[in-house]
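Here is a short set of exercises to work through with the structure open beside you. Try each task before you read its solution.

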Amino acid sequence: MIQLHTRRTGRLNGQSWCSFLFRIALLSLVLPANVLMASTSFAQPAGLKQAQHRSTSTLIPTPRAKEAMTSKVTRVIAPDFRIQVTSSANATLPIGMPVSFVETVCNISNAAETFPNSVSITGIVPSGLTNVAINGTDWFALLPKFGFVVSPLYYSEKYIGAYPIAAGVCLPPLRISGILNLSAVPVFTLQGTVSAPDDFDQRNKLDGVTLTVTSTIPPVVTPPAKKTVTPTPTVSATLTAVPAPDLVTFLAGSTNTQVGQHLNYIVTVCNGNNADLIHAPGPIELSSVLPLGMDNISITGTDWHVSSLSSSVGPALLTVYYAGRYPVVGGQCLSPLSINGSVLASAQPGMTTSVGVLTPNDVNSSNASTMLTTFVSPALPITPTLTPIPTPAVSAPRPVLTQVLQNGSWFNQGQTVKLRDVLCNQAGAGPITSTTSLSLMNTLPPELTNLSVTGRYWTTQFSSMSGSAVIFARYRGSSSLPGGACLPPLYVQGTVGFLASHAVLTSTSLLNTPLNLVSHQTTSSVKFEIALNSVKVINVSRIIIATNRDIPYR
């Protein structure tokens with residue numbers, strides 16, 4: 001007799017099936033057919049055994065049975081989860097006020113979710129909230145893990161309560177609370193998304209709520225004194241001593257736009273200078289909550305794979321994975337990701353886009369997410385004019401960005417390359433009345449090392465000190481720039497690495513321009529060449545001998 005052992009699930013794995021079929025083939029050569037069938041039969045319900053002994057005529061289904069069978073075949077039996085985000089606060093709030101959000105998940109289908117610990121809520125708390133607290137019964141926090149209480153931050157919560165989750169059941173609510181600060185002005189939008197492996201309907205998976213925030217500060221209420229608990233220094237030393245990846249997210253785009261205009265965001269992800277390697281397959285996952293009022297959403301980017309885009313109209317949840325080269329070393333920036341769309345009237349008065357990146361063992365989640373608020377004004381009405389009336393021309397600002405090389409266009413290894421970015425307002429143009437809104441993003445080739453940047457009234461930030469570096473610079477000087485005037489130059493310099501040889505390198509500078517400026521030239525690039533190493537080749541022995549210099553050990 002052959003005894004077939006299965007797991008509690010009643011299914012066979014691949015090895016069990018192969019062994020079972022092989023034994024049947026051997027026994028079929030030596031045993032009678034009736035013995036073989038008896039020895040290999042599975043345990044069956046009593047009703048099924050009786051049906052096998054009935055005559056053929058009793059198995060013909062009636063018309064009503066046929067209809068029931070057809071309905072059972074066509075029905076989709078799977079759970080369908082829906083998320084709803086609400087806030088008990090008023091629609092308009094001043095800064096300094098506490099605010100609370102509730103995210104509720106329900107199974108609205110006719111089937112239960114049976115896979116344990118599989119339902120999760122993810123989202124980004126945008127900038128503008130302090131004293132952030134996230135809690136809920138039977139919800140386990142996957143991120144953040146380091147106790148950061150100031151947004152922006154990316155959160156991921158898994159439901160670890162009772163399974164299966166039957167149809168019509170709502171899970172315990174997840175609560176997010178905090179105090180509004182100045183970064184929340186003029187609008188604060190919180191969005192969350194629910195996911196489950198067996199969910200068959202991708203609608204109703206994203207929801208959000210938007211509050212209008214004013215800069216009026218309410219009266220200060222002094223809280224009662226509380227005992228301050230000072231953490232022991234031993235815990236702090238233990239947390240900071242572990243080497244791990246440290247992904248940093250940068251988001252660039254327009255801060256002012258109008259209804260009907262095109263919108264473009266550039267997302268750049270870098271690994272910190274002193275961070276650990278990220279080995280294949282990573283993964284490096286980037287998620288973005290695209291706001292209400294964004295239409296015709298499209299995603300482009302080299303080395304990025306779009307895993308899901310819940311909708312082409314905001315609010316929408318985007319998830320992409322990095323599919324480029326691994327390992328990702330410390331100081332390396334990945335290729336940029338471009339998010340494009342158009343602006344609808346529902347985006348007024350402002351829209352906030354949030355992005356966050358995840359990778360296993362990230363040591364610092366506070367810089368892994370960021371957000372950008374774009375102020376939206378109404379579209380200009382189109383009024384037909386019967387008789388043209390000449391009106392005096394009003395000069396508009398016309399910024400021009402120029403990047404130049406200061407010390408030639410040919411360089412050898414070890415030499416210093418000096419670049420200069422100059423931003424001017426064209427002669428005869430109207431003044432730029434808000435220069436503090438101007439910022440530059442300078443992308444340098446990976447062959448340059450030992451980078452440095454200087455400039456009067458410029459505040460700068462490096463994504464890396466070498467290798468595919470991106471420099472973000474914002475002007476903090478005078479508030480107005482008349483026609484024919486220029487801002488103080490921004491100077492960038494770096495050293496040609498010893499691995500660069502016979503190459504043409506490109507440096508590009510980009511101006512983030514508000515919509516009310518008529519731009520002639522907001523992007524400028526320069527190319528420079530690296531000389532070929534001088535070598536002699538002995539054809540007889542095919543040995544290459546370096547004649548200029550020995551390559552230093554690095």
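The exercises below deal with a predicted model, and each one comes with a worked solution.

**Exercise 1. The disulfides**

Task: Find how many disulfides the chain holds, and work out the pattern that the bonded cysteines follow.

Solution.
- Step 1. A suitable criterion is a pair of cysteine sulfur atoms within 2.5 Å. By this rule the count is three disulfides.
- Step 2. Cys-106 is joined to Cys-170, with an S to S distance of 1.9 Å. Cys-270 is joined to Cys-333 at 2.0 Å, S to S. Cys-424 is joined to Cys-486, with S to S at 1.9 Å.
- Step 3. Counting the bonded cysteines along the chain gives the pattern 1-2, 3-4, 5-6.

**Exercise 2. What each disulfide ties together**

Task: For each disulfide, give its handedness, place both cysteines in the secondary structure, and decide whether each cysteine is buried or partly exposed.

Solution.
- Step 1. The link of Cys-106 and Cys-170 is right-handed, with 105° about the S-S bond. Cys-106 belongs to strand β3 (residues 98-107) and Cys-170 to the loop between β7 (153-159) and β8, so this pair ties together parts that are 64 residues apart in sequence. Cys-106 is buried at a relative accessible area of 9%, whereas Cys-170 is partly exposed at 44%.
- Step 2. For Cys-270 and Cys-333 the torsion about the S-S bond is about 100°, so this disulfide is right-handed. Cys-270 sits in strand β13 (residues 262-271) and Cys-333 in the loop between β17 (316-322) and β18 (337-343), so parts that are 63 residues apart in sequence are tied together. Cys-270 is buried, because its relative accessibility is 1% and the cut-off for buried is under 20%. Cys-333 is also buried, with a relative accessible area of 9%.
- Step 3. The torsion about the S-S bond of Cys-424 and Cys-486 is about 100°, so this disulfide is right-handed. With Cys-424 in strand β23 (residues 416-425) and Cys-486 in the loop between β27 (470-475) and β28 (490-496), the pair ties together parts that are 62 residues apart in sequence. Cys-424 counts as buried at 17% relative accessibility, and Cys-486 as partly exposed at 42%.

**Exercise 3. An open sheet**

Task: In the open sheet of four strands, work out which strands stand at the edges and why one side of each is left without a neighbour.

Solution.
- Step 1. The strand order is β1-β3-β8-β5, and the pairing is antiparallel.
- Step 2. The edges are β1 (81-87) and β5 (129-135); each has a single partner strand, so one side of each has no neighbour in the sheet.
- Step 3. From one strand to the next, the twist averages 15°.
- Step 4. Now look at one edge. Strand β5 pairs with β8 (residues 174-180) in the antiparallel sense over five bridges. Here Leu-129 is opposite Leu-180 in β8.

**Exercise 4. Aromatic pairs**

Task: Classify the pair formed by Tyr-457 and Tyr-475, and say which parts of the chain this pair ties together.

Solution.
- Step 1. The whole structure contains nine aromatic pairs.
- Step 2. Tyr-457 and Tyr-475 lie 6.4 Å apart, centre to centre, with 85° between the planes. Planes over 60 degrees apart count as edge-to-face, so that is the class of this pair.
- Step 3. Tyr-457 is in the loop between β25 (448-454) and β26 (458-462) and Tyr-475 is in strand β27, so the pair ties together parts that are 18 residues apart in sequence.
- Step 4. Tyr-457 is partly exposed, with a relative accessible area of 42%, while Tyr-475 is buried at 2%.
- Step 5. Elsewhere, ring pairs link Trp-139, Tyr-159 and Tyr-163 into a cluster.

**Exercise 5. Two single residues**

Task: Describe the surroundings of Ser-287 and of Val-363.

Solution.
- Step 1. Ser-287 is part of strand β14 (residues 285-290) and is buried, at 5% relative accessibility.
- Step 2. Leaving out residues up to four places away in sequence, the contacts of Ser-287 include Ile-124, Tyr-154, Leu-318 and Ser-354.
- Step 3. Val-363 is in the loop between β19 (350-358) and β20 (369-377) and is partly exposed, with a relative accessible area of 30%.
- Step 4. Val-363 and Pro-245 are 118 residues apart in sequence, yet 6.0 Å apart in space, C-alpha to C-alpha.

Key
Residues numbered from 1 in each chain as written. Predicted model: local features only at pLDDT ≥ 70, side-chain atom pairs only at ≥ 80, totals over all residues. Heavy atoms only, no water. Helix = DSSP H or I, 4+ residues; strand = E, 2+ residues; numbered from the N terminus. Buried < 20%, exposed > 50% of the residue type's maximum accessible area, 1.4 Å probe, protein only. Pairing = 2+ DSSP bridges. Axes fitted to C-alpha atoms, helices over the stretch in contact; angles between N-to-C directions. Contact = heavy atoms within 4.5 Å. Phe/Tyr/Trp six-rings, centres within 6.5 Å; stacked < 30°, edge-to-face > 60°.
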